[in-house]
Amino acid sequence: MSENQKNKKRVIILFGGRAAEHSISCISAGSVLRAIDRDRFEPIPVAITKEGQWVLPDVDPRNWNLGDGAMPEVNMTDESRPIMIDMAKGADGFFALLPGDNKAGSAAIGIGVLGDMTAGDVEDTDCEWLGHIDAVFPVLHGEYGEDGAVQGLLETIGVPYVGCGILASAVCMDKHFTKILLRAAGIPVTLGVTFDARLFDQASHFKENADEIFSAVAAVGLRYPLFVKPAWGGSSIGVTKVERQEDLVAALYAAYPYSWRILVEQGIDGREIECAVLSTNPLAEPRTAWPGEIVLDHKQSEGDEFYDFDAKYTDSSASHVEVPAKLPPKMLQKIRDVAVRAFSAVDGVGLMRVDTFVQEDGTVLVNELNTMPGFTSISMYPKAWAASGIDYQTVITELIDSVAR
Ligand SMILES: Nc1ncnc2c1ncn2[C@@H]1O[C@H](COP(=O)(O)OP(=O)(O)O)[C@@H](O)[C@H]1O
Ligand SMILES: [Mg+2]
């Protein structure tokens, strides 16, 4: 190892994952790997397949881009090298097996069944130590990555990591509980009602439960259009705008594959303004970037469209971001204040994107909190910082420097 390499912080860039946003995470990680300051850091890309296997990928994530057509995906192949973690060794406990060692389970990797181990088996175990890991950057979106699960694993083995801890990650992954904490902190959120769809009749696609659903919606005073969404979801997957009562039950059923807890919310006629928060010193007030706006460029029919999956990722002409949002300075400041309060209300650490609806009368409603916001170089989070004087590479550097040891 050269002297130069020794001084670099070694950071696992963890990406992919078991969630529906696997591909988005791959693209975010590709951007991070392109931008990271290689004079200061030695990034080690580690991918998680959709099945949950951790591997050194056999592809270079830097080649992945949004708009390339096919969405990237990491699979276990003959070339990929499975990762093993020795829990007790903590930050020194990461190992990579040789390619192909994944084929036949424990026998192939030279690890005998406990009690059946011979010296030969141990020597056959071609497992390479990844060296000391100074930090992990979980560039993971959605379940098992952004929800406190990976954070809990890293806490357990004692490896520092970028971003929110277990509590904030878990709370923000669930839109129902996010709203409870925000409301308790006096931060306005969208009116709505939450259902436990496990209690509904699957066989009838919830049709049997229609009356009870309609009356619960009426009881809180919701008026159409409504938005139906899974409590833990992302990228607008499973989200439906519902214009008429006849379509409500089908929308709940459509959200159910993603989460049994389902929110039905008042449709808000407002602008979607997002505020990036960066906090690299727990003793200082979190910093906020200029709030940015998602502007939808082609609405097929007025009022019919929202910021859905295609607008976010597959159709680059569908929307663009504007930073700062075209709002009066006082309004921008109000949104930044709300963002700081929301970040603190859920015990945020490191980074967060606070998504709001800003209504005509100046009301700022917090819609959701993202603890690992889209992180490609063209995503709102890095773009908002760039427009506020902190470039993408510096954001990455600050986030890692604040935790690495
Ligand atoms: N209550 C609502 N009123 C109006 N639009 C909404 C509402 N809830 C969600 N949306 C629209 O749906 C999109 C996705 O919903 P969101 O709550 O942000 O979930 P996700 O985690 O999938 O991004 C939002 O960006 C917005 O365009
Ligand atoms: Mg959103």
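Begin by selecting strand β1, residues 9-16: six of its eight residues are buried, so the strand is largely enclosed by the rest of the structure. Bear in mind along the way that this is a predicted model.

With β1 still highlighted, add strand β2, residues 41-48, which runs parallel to β1 and is joined to it by eight bridges. One pair to display within this ladder is G16 and its bridge partner in β2, I48. To follow the chain between the two strands, trace it from β1 through helix α2, residues 22-35, and on to β2, a β-α-β crossover that is right-handed. Keep α2 in view for a moment, since the helix lies across β1, β2 and β7 and runs at about 155 degrees to β1.

Next, select strand β7, residues 135-138, which pairs with β1 in the parallel sense over four bridges. Here the residue to pick on β1 is I12, which stands opposite V136 in β7.

Now widen the selection to the whole sheet, which is open and consists of seven strands in the order β6-β5-β4-β3-β2-β1-β7, with mixed pairing. Its edge strands are β6, residues 127-129, and β7, each of which pairs on one side only. If you look along the sheet from strand to strand, the twist averages 35 degrees from one to the next. When you switch on side chains, remember that in a regular strand they alternate between the two faces of the sheet.

For an antiparallel part of this sheet, go to strand β4, residues 81-85, and strand β5, residues 94-97, which are joined by three bridges. The pair to label here is I83 and A96, the latter being the bridge partner in β5.

The following stops concern backbone geometry. Most residues other than glycine have a negative phi, and most peptide bonds are trans. Which sense does phi take at Y144, a residue other than glycine: positive or negative? Phi of Y144 is positive, near 70 degrees, and the residue sits in the loop between β7 and α5, the helix of residues 149-157. Y144 is partly exposed, because 16 other C-beta atoms lie within 10 Å of its own, a count that falls between the limit of 12 or fewer for exposed residues and that of 20 or more for buried ones.

Move on to F206, in the loop between β8, residues 192-196, and α8, where phi is again positive, near 75 degrees, in a residue other than glycine. F206 is buried, because 22 other C-beta atoms lie within 10 Å.

From there, continue to P225, which lies in the loop between α8, residues 210-219, and β9, residues 226-230. The peptide bond joining Y224 and P225 is cis, with omega at about 5 degrees. A further cis peptide bond runs from V323 to P324, with omega near -10 degrees, and P324 is found in the loop between β15, residues 319-322, and α11.

Finish on helix α11 itself, residues 329-345, by selecting A345. Is A345 buried or exposed? It is buried, because 20 other C-beta atoms lie within 10 Å, and a count of 20 or more is what places a residue in that class. Leaving aside neighbours within four places in sequence, A345 is in contact with L181, L182, A185 and I187. As a last distance to display, draw a line between the C-alpha atoms of A345 and T178, which are 167 residues apart along the chain and separated by 9.4 Å.

Methods:
Residues numbered from 1 in each chain as written. Chains lettered and ligands numbered in written order. Predicted model: local features only at pLDDT ≥ 70, side-chain atom pairs only at ≥ 80, totals over all residues. Contact = placed C-beta atoms within 7 Å. Pairing = 2+ DSSP bridges. Right-handed = clockwise from strand over helix to strand, strands pointing away. Axes fitted to C-alpha atoms, helices over the stretch in contact; angles between N-to-C directions.
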